[in-house]
Amino acid sequence: MQPSGRRWLMISFAFWATVINYLDRQTLSVAAPVLRDRFHMSNVAYSGVVFAFLLAYTVSNGISGPVIDRLGTKLGYALCMLWWSAAALLHGLATGALSLGVFRFLLGVGEAGNWPAGVKVATEWFPESERALASGIFNSGSAVGAILAPPIVAWILLRFGWPTAFVAVGAVGLVWLAFWLRAYRTPPAAAATIEAPPIPVRALIRTRFVLAFTFSKIFLDPVWYFYIFWFPEYLKRARGFDMAAIGKYSWIPFAVAGAGNFLGGGLSAWLLRRGASLTVARKGAVTFFAALMTSAIAAVLVQPAWLAIALVSIAMLGYTGSLANMLALPGDVFPKNAVASVYGLASMGSGFGGMLFTLITGWVVDHYSYTPVFIGFGLLPLICATILWLFLGEVRPIVLRPMIPPITLAEAEIPN
């Protein structure tokens with residue numbers, strides 16, 4: 001069946017939701033220098049606030065995926081957006097590190113649903129050959145949101161204060177919600193699969209794919225969390241940037257990262273057209289872009305700030321190129337009524353990794369410097385790629401039995 005042209009509208013909704021997701025998330029990163037001074041937060045205290053977000057994000061990943069599979073894409077995505085937008089608005093009421101951590105926790109609960117929902121949109125609407133590209137398109141919203149956040153948030157913060165910055169960004173999600181509820185429809189080709197009985201979580205977590213995929217994400221996604229939450233801080237503390245300079249320059253790596261989403265999807269699509277198996281196309285693309293992420297090691301060692309930003313940009317492009325293919329993998333293997341659950345469960349791995357490495361980052365920066373941190377985050381993606389090659393197995397559809405309702409005593413009676 002010819003794919004519907006409406007698929008591009010649907011993936012654009014996931015793209016804009018991801019933009020909003022990162023605007024909400026990055027507002028803290030941009031405002032961190034001001035909030036840390038106002039609330040007298042050390043590196044360890046700040047890492048604790050980030051940890052609160054990641055704790056909620058991690059736990060909610062394991063819940064939001066199955067919930068979205070059960071409620072359906074339209075309602076599930078809408079509830080996630082409503083929750084995290086409300087949490088973002090609450091940030092304007094923060095009075096210290098504790099309340100800020102509580103509001104970050106609430107934000108993490110809602111934001112976790114964006115990627116399982118986006119993966120579900122891409123799987124429902126796009127064929128296998130376009131799925132990595134579609135995933136790259138919606139995930140490029142993270143780069144766009146991160147690009148827009150520094151200048152927009154810095155301008156609002158300097159002109160109206162940090163509470164207004166949080167409120168203004170949080171309100172944008174409610175606008176998206178109104179359009180989404182009117183426009184989204186489940187594609188007819190996916191309806192039969194989506195309406196099938198759900199696959200139990202316990203069956204998913206026993207598969208080799210989910211275990212290996214979860215473990216691999218422990219060593220990939222924390223790298224992005226580091227750049228999101230710590231890069232503006234690095235520019236101020238290690239490179240001497242003021243707030244105006246952070247707003248002027250910190251968006252550049254995220255702009256470069258946006259291209260990685262398309263290059264990552266394009267590379268695997270090119271490999272498939274050249275006759276490569278789905279296994280080689282997906283794993284090969286992840287490995288190539290993971291190798292680019294080692295440029296972070298040189299970034300912390302060079303003297304010119306512009307060169308450091310350029311090397312970080314290459315590393316961030318490597319992340320998004322890898323992620324475009326990681327996002328496509330659940331849809332390559334599992335039926336449409338399980339992909340949100342699979343990606344949500346696997347993202348618990350990245351969340352636990354993010355929490356662990358965030359706390360380590362704060363401690364290492366306080367006791368040493370940013371140098372060992374950048375070296376570590378330059379090497380972690382290679383571990384992710386190694387896990388995929390050694391443990392994930394062949395990328396091909398698998399068949400799992402849906403949940404079968406238990407037989408009641410009355411149903412089990414033998415008729416006379």
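These are my notebook entries on helix packing, a surface patch and salt bridges in this structure. I am working with a predicted model.

**Entry 1: α13 against α14**

I looked up how these two helices pack. Helix α13 covers residues 252–273 and helix α14 covers residues 278–292. Their axes lie 9 Å apart, at an angle of about 145°. I noted the crossing as right-handed.

Next I listed the contact. From α13 come L263, G264, L267, S268, L271 and L272. On the α14 side I find L278, V280, A281, R282, A285, F288 and F289. I then sorted the contact residues of this pair by class: ten are nonpolar, two polar and one charged.

**Entry 2: α5 against α17**

I ran the lookup for helix α5 (residues 114–125) and helix α17 (residues 339–367). The angle is about 145°, and the axes are 8 Å apart. α5 also passes α17 in a right-handed crossing.

W115, P116, V119, K120 and T123 are the α5 residues in this contact. They meet V339, A340, Y343 and G344 of α17. The class count for α5 with α17 gives six nonpolar, two polar and one charged.

**Entry 3: a nonpolar surface patch**

Which residues form the nonpolar patch on the surface? I get L55, V59, I63, V67, L71, L75, L79 and F105. Together they have about 620 Å² of accessible area.

I then asked which helix gives the largest share of the patch. That is α2, with five residues. I63 is one residue I placed in helix α2. Both α2 (43–71) and α3 (73–90) supply at least two patch residues each.

**Entry 4: salt bridges**

How many salt bridges does a search of the whole structure find? I count ten. Side chains of opposite charge can pair when their charged atoms come close. I picked out one pair, E130 with R7. Their closest N and O atoms are 3.0 Å apart, inside the 4 Å cut-off for a salt bridge.

Where do the two partners sit? E130 is in helix α6 (residues 128–160), and R7 is in helix α1 (residues 7–39). The pair therefore ties together parts that are 123 residues apart in sequence.

Terms used. Residues are numbered from 1 along each chain as its sequence is written. This is a predicted model: local features need pLDDT of at least 70, side-chain atom pairs count only at pLDDT 80 or more; totals for chains, interfaces and linings use all residues. Side-chain values use heavy atoms; hydrogens and water are left out. Axes are lines fitted to C-alpha atoms, for helices over the stretch in contact, and angles run from 0 to 180 degrees between N-to-C directions. Helices (H or I, at least four residues) and strands (E, at least two) are DSSP runs, numbered from the N terminus. A crossing is left-handed if the near helix is turned anticlockwise from the far one by less than a right angle, and right-handed if clockwise. Contact means heavy atoms within 4.5 Å. Ala, Val, Leu, Ile, Met, Phe, Trp, Tyr, Cys and Pro count as nonpolar, Asp, Glu, Lys and Arg as charged, and the others, Gly among them, as polar. Patches are made of residues with over 30% relative accessible area and no salt bridge: like charges are joined within 9 Å, nonpolar side chains (Val, Leu, Ile, Met, Phe, Trp, Tyr) within 5 Å. Accessible areas come from the Shrake-Rupley method with a 1.4 Å probe; for residues, only the protein chains shown count as cover. A salt bridge is a side-chain nitrogen of Lys or Arg within 4 Å of a carboxyl oxygen of Asp or Glu.
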